[in-house]
Amino acid sequence: MTEIYWFRSDLRVENNPGLNAHCSAKSLLCVFFWPRQVPWCNLTGMGGQRERFLLESLHALNTQLAERGQQLHVFREAPAAGLSALVDRHKVKAVGVARTPGFYERRDVEEVAARLQVPLVVHEGNTLFSAETVHAANSALPKQFTPFRRSMALIEPALPVGEPRLPPPPSGVTSAPVPQAKVRPDPSFVARGGAKAGNNRLRAWMHREQALASYGETRNQLDGLFYSSFLSPWLANGSLSVRRLHWELRQFEMQHGRNASTEHFYSELLWREFFHWRALTDDVALYRARGISAKRKLCTFDPRSFARWCAGATNYPLVNALMHQLVATGWMSNRGRQIAASCLVNEMNMDWRFGAAFFEQHLLDHDVASNYGNWQYIAGVGTDPRGGRHFNIAKQAGQFDPDGDFVRRWQGDCPEQPEHIVDAADWPIG
Ligand code: FAD
């Protein structure tokens with residue numbers, strides 16, 4: 001009996017409950033479908049660094065599988081067509097996949113389920129808690145983080161799972177080899193895709209440098225090697241299990257003691273969790289200009305201003321530096337993201353979704369729930385009880401880049417741009 005496991009945002013062999021559930025099959029076909037390039041806000045395709053990270057993650061997963069006698073097949077067609085052809089050709093009895101929170105990703109799953117003649121089993125996603133646990137703790141999912149955090153306060157996340165033996169692949173499956181990445185990582189942010197690199201970073205940050213112990217004081221920095229964990233790229237594509245990360249956090253606390261920093265770190269993992277469950281609940285509202293709020297915010301859309309923001313050629317040197325860093329490395333610190341997003345929304349008065357789409361294109365750690373959820377939060381159409389965040393850019397620069405080192409490193413200074421009148425008011429409707 002052959003089964004298929006469809007990898008999506010769970011690109012790992014260890015601690016993968018979805019994959020484990022298909023290990024009693026006689027043979028197992030492991031597949032990945034290249035993410036659909038939906039043109040959104042006139043932006044198409046992945047930025048070079050994001051694509052590199054994904055390709056490296058796929059090569060690394062294939063290596064992990066090969067060490068266990070398995071192989072990863074990567075296909076470019078739509079999952080519904082691809083999977084139904086594979087099911088027919090290899091007499092497959094069931095297909096498994098892990099849950100992802102994005103609306104379009106879930107629509108893909110629905111299309112696959114409608115087309116297949118065999119069961120499509122949707123497993124738990126890459127979260128700390130199971131759906132049952134979250135629903136048991138919240139009769140209705142809170143719209144704001146604080147009640148969510150309180151509701152989960154006494155519940156320990158699920159433990160990581162063990163790793164069973166993988167069944168062999170069926171014979172006669174062919175797929176094109178996964179290409180090598182066209183770009184190299186920027187020397188200032190050398191994050192390589194794959195579980196091994198993610199686990200190495202975890203060990204270095206948490207255990208070797210013990211940077212977790214001072215995370216609360218350093219997490220808002222713009223630059224440095226250990227101010228925050230940098231684990232989001234591996235968490236986002238599932239090369240690193242968030243349950244494993246949580247388990248490591250508890251080990252650290254047992255060895256070195258719990259403090260405000262370890263508690264703060266856990267609270268950030270809960271933010272990730274919160275946005276995941278909100279995205280599932282909010283469905284297509286995640287992409288609406290008014291977000292999940294009832295407010296209709298009037299804003300403008302001026303293509304020249306947007307192009308300047310993307311290119312890092314605004315009148316704000318700090319924002320320019322941040323945008324240059326993003327495009328060159330695929331990375332921006334959390335404080336940097338808040339400042340750049342606030343600039344687009346509050347200084348340029350633009351539709352937040354264009355900024356979110358640009359982040360989606362470039363961030364190594366792009367995660368639909370965290371990206372769109374955080375953008376809505378800053379724009380004041382999401383889960384922020386204060387109705388949005390407006391960062392004073394000059395004040396932020398004084399606080400986080402007092403000597404201008406960051407702006408110099410990322411060439412944020414550029415000639416003053418002329419003001420021009422924006423006449424496309426009332427954008428967008430919906
Ligand atoms: P740490 O500070 O070490 O935190 C540990 C982990 O907690 C992170 O890896 C991440 O998984 C989670 N986390 C931390 N802060 C947040 C947060 N505010 N929301 C949700 N989860 C959080 N995060 C993404 O993973 N993907 C995105 O696409 C993304 N887009 C963002 C867009 C905007 C406009 C903003 C303001 C934030 C966004 N974030 C996103 C959240 C946050 O900036 C990153 O998770 C964080 O910077 C990653 O760095 P780190 O791994 O060093 O985080």
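Which element gives the most to the shell around the ligand? In this predicted model, that element is α11, with six residues. The shell as a whole holds 26 residues, and the closest to the ligand are Y215, S228, S229, F230 and N334. Sorted by class, 12 of the surrounding residues are nonpolar, nine are polar and five are charged.

Polar side-chain atoms approach the ligand at several points. For Y215, such an atom lies 2.5 Å from an oxygen atom of the ligand. Nitrogen atoms of the ligand are approached by N374, at 3.0 Å, and by N371, at 3.4 Å. The ligand taken alone exposes 810 Å², of which the protein buries 96%. Two or more residues of the shell come from each of α9 (232-236), α11 (260-282), α14 (334-347) and α16 (368-379).

Of these elements, α16 was examined further. The helix has 12 residues and spans 16 Å from its first C-alpha to its last, close to the 16 Å expected at 1.5 Å a residue. Because 11 of its 12 residues are buried, α16 is largely enclosed by the rest of the structure. The buried residues of α16 are V368, A369, S370, N371, Y372, G373, W375, Q376, Y377, I378 and A379. N371 thus appears among the buried residues of the helix and also places a polar side-chain atom 3.4 Å from a ligand nitrogen atom. The cover over the buried residues of α16 includes α11, α14, α12 (303-311) and α15 (352-362). After α16 comes G380, which has a positive phi near 80 degrees.

Technical notes. Residues numbered from 1 in each chain as written. Predicted model: local features only at pLDDT ≥ 70, side-chain atom pairs only at ≥ 80, totals over all residues. Heavy atoms only, no water. Near = heavy atom within 4 Å. Polar contact = N/O pair within 3.5 Å; in protein donor to acceptor, adjacent residues only side chain to side chain. Areas by Shrake-Rupley, 256 points an atom, 1.4 Å probe, with all protein chains shown as cover. Helix = DSSP H or I, 4+ residues; strand = E, 2+ residues; numbered from the N terminus. Nonpolar A, V, L, I, M, F, W, Y, C, P; charged D, E, K, R; others polar. Expected span 1.5 Å × (residues − 1). Buried < 20%, exposed > 50% of the residue type's maximum accessible area, 1.4 Å probe, protein only. Contact = heavy atoms within 4.5 Å.
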